[in-house]
Amino acid sequence: MRRIQAIAWNTFREAVRNKILYSLLFFAVLIILSALAMGNLTLHEEIRMTRDIGLFGIDAFGVIIAVFVGVNLLYKELDLKTVYTILPKPLHRWEFVLGKWLGMLLTLAVQMGVMALVLGVTLWLQEAQFDAPMVKAVWLLFVNVMLVTSIAVFFSAFSSPFLSGFFALGCFLVGRSVPDIRALAAKLGPLAKTVLETGCTLMPNMHLFYPSGAIVGAEEVSVHRDFVSASYLLTTTGYGVAYSLIVLILAMLIFRKRDFV
Amino acid sequence: MSDVVLRADDLAKTFRLGFFRKRIEAVKQASFEVRRGEIFGYLGPNGSGKTTTLKMLMGLVFPSRGRAEVLGRPVPDRRAKRRLGYLPESPYFYDYLTPEEFLDLVGALFDVKRAERRARADRLIERVGLSSARGRPLRKFSKGMLQRIGIAQSLMGEPELVVLDEPMTGLDPIGRKEIRDLMLDLKREGRTVLYSTHILPDVEMTCDRVAMIFAGRIRSVGPLSQLLTARLLSTEVCLRPGAAGLPELPAGARKSENPDGLLIDLPANADVDAFLRAVLAAGARVHSLTPRRESLEDLFVREAANQDQGAA
């Protein structure tokens, strides 16, 4: 455990000392704060606007940071050859990958925590609350970001940063569009329908993590009302964690067989 | 306890590169043993397969053929790695860390407790002469300083076997001497050192035994004294001829002038005793007689030439 912890802490430290992440965080905060100005353009919908823009900012920048961190922090170890010093130590390769992943998650948790805090302060300035639906929504976005990170780590275990980023972002966009793809499949012929349905089953359904405005259990859910139930939160978290771990195990298997030339 | 701490048995590595999976035989055949308590030199020109062999021994690269054992266990074994220290070639470290932070990380990977990690890091920073730079990030370190912190991290687990890949490369003469002295200190402490290099004078000064690799194939393994002393190249006789002049020189001998008189270079098969008797009888005064044995450089060049002929 100490070894995994050491790798995770070092990964977090590396991310914290990376200026690009600060820039991304700065823009995220800027977008959240822009809700204050945008709210003034609406009629009595300031708080609704702040919540929507705030969650959009946390979602979009959370995913961008996840792809950036997931792709770069593992690839850099290979590119800068720091892995040559670390892997001959009494450490399993899977421990190294797990440690890197946990360090990335810690980084993302802190980043999303900061974004949520800024959103909370923005809402407070508008005399509104960062209430339970918002906490649930941010939690689901974090699970989503965890899944995106795992996918990015998986691709960077065998591919270049550009391709890894491209594939990870592609998985996110397709994953978010699963209900739309399913709706499209329903209108197509049997072969196309089967292909698209199979694709949707294999791809991570990331729409589950951003359900505001969607119909869940015959009811429309919204962060402006009760949002999702505790059981939805639990099953979706379970789905995200299980999918992440499967992808991470695949990354570990690839890493285990790899030559570090 | 076994006398052999590292064994490479018929190791080979073929890489497949590019779109057409072109075969590159980085190591064709490497077999050697490193014995407890010795300094073992792994020599070869650039691109001969030294680093790939060491990477196979460290579990960074999987062999295409053969097997390797480190400290009695097949590579890569975590229990063996606990007793092993490794410095990669041209080491790259986390440049945002200070030496203290970096050694603390390495210590944690060896499962060393925090207080002990601090104590070891302090000792090693002192030992490699980086006390004045302990709070500075590694990105501000010179090549020599990085090499020193690299050596320090390789010792963080208090290893029985220390493997150093090209530890002298890029160092100035003082830096090289410091690393040589450090290796000799490690030997005195009872540790075994294996290092790769192409800097031959360092090998002559430090190594008990060596292996030479050329174009991926090991050509010679053994103690330096055994590999070199068996081969007498020539005998140099420095003399001032007497009034009767010089007797006839043996076949293949060469004569040149030097400040003390003449320098006669007798071939290895010449009868030196007979020649000396003849020159003394002719009234010459002999200043010195030096058997010129094969140096490591001679051996290295000869093996490289053999390799080239074999390849042709």
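Let me begin with the second largest cavity, whose lining residues divide into 8 nonpolar, 1 polar and no charged. Please keep in mind throughout that what we are looking at is a predicted model. The residues around this second largest cavity are A:Leu55, A:Ala137, A:Leu141, A:Phe209, A:Tyr210, A:Pro211, A:Ser212, A:Val223 and A:Phe227, and the volume they line is about 50 Å³.

How many cavities of 30 Å³ or more does a search of the whole structure find? The search gives 2, and the largest of them holds about 70 Å³ of space. The lining of that largest cavity is made by residues of chain B, namely B:Leu57, B:Met58, B:Gly59, B:Val70, B:Arg73, B:Pro74, B:Val75, B:Pro76, B:Asp77, B:Ala80, B:Lys81 and B:Leu84. If you want to find the place in the fold, look at chain B for helix H1 (50-58), strand E5 (73-74) and helix H2 (78-81), which are the elements that give two or more residues to this lining. By kind, the lining of the largest cavity divides into 8 nonpolar residues, 1 polar residue and 3 charged residues, whereas the lining of the second largest cavity has no charged residue.

Let me turn now to the interface between the two chains. The size of an interface is often given as the accessible area lost when the parts come together. Here, chain A and chain B bury about 2900 Å² between them, with 60% of that area on carbon and sulfur atoms. On the side of chain A, 23% of the area buried against chain B is supplied by A:Arg2, A:Lys89 and A:Pro90, which is more than any other three residues supply. Counted by residues, the contact takes 29 from chain A and 30 from chain B.

What about polar and charged pairs across this interface? The rule finds 18 residue pairs in polar contact, both residues being at pLDDT 80 or more, and it also finds 3 salt bridges between chain A and chain B. One of the salt bridges joins the side chain of A:Arg3 to that of B:Asp111, with 2.5 Å from N to O.

Which helices of chain A each supply at least two residues of the side that touches chain B? They are helix H1 (2-16) and helix H4 (83-86), and H1(A) gives the largest share of that side, with 7 residues. Taken as a whole, the side of chain A that touches chain B divides into 12 nonpolar, 4 polar and 13 charged residues.

Key:
Residues are numbered from 1 along each chain as its sequence is written. Chains are lettered from A and ligands numbered from 1 in the order in which they are written. Side-chain values use heavy atoms; hydrogens and water are left out. Contact means heavy atoms within 4.5 Å. Buried area is the accessible area (1.4 Å probe) that two parts lose on being put together, summed over both. A salt bridge is a side-chain nitrogen of Lys or Arg within 4 Å of a carboxyl oxygen of Asp or Glu. A polar contact is a pair of N or O atoms within 3.5 Å; within protein, one must be able to donate a hydrogen and the other to accept it, and residues adjacent in sequence count only if both atoms are side-chain atoms. Helices (H or I, at least four residues) and strands (E, at least two) are DSSP runs, numbered from the N terminus. Ala, Val, Leu, Ile, Met, Phe, Trp, Tyr, Cys and Pro count as nonpolar, Asp, Glu, Lys and Arg as charged, and the others, Gly among them, as polar. On a 1 Å grid over the protein atoms alone, a cavity is a set of points where a 1.4 Å probe fits but cannot get out, and a pocket is an open set with protein on both sides within 12 Å along at least five of seven lines; lining residues have an atom within 4 Å of a point. Grid points are joined across faces, edges and corners, and a volume is the space filled by probe spheres set on the points.
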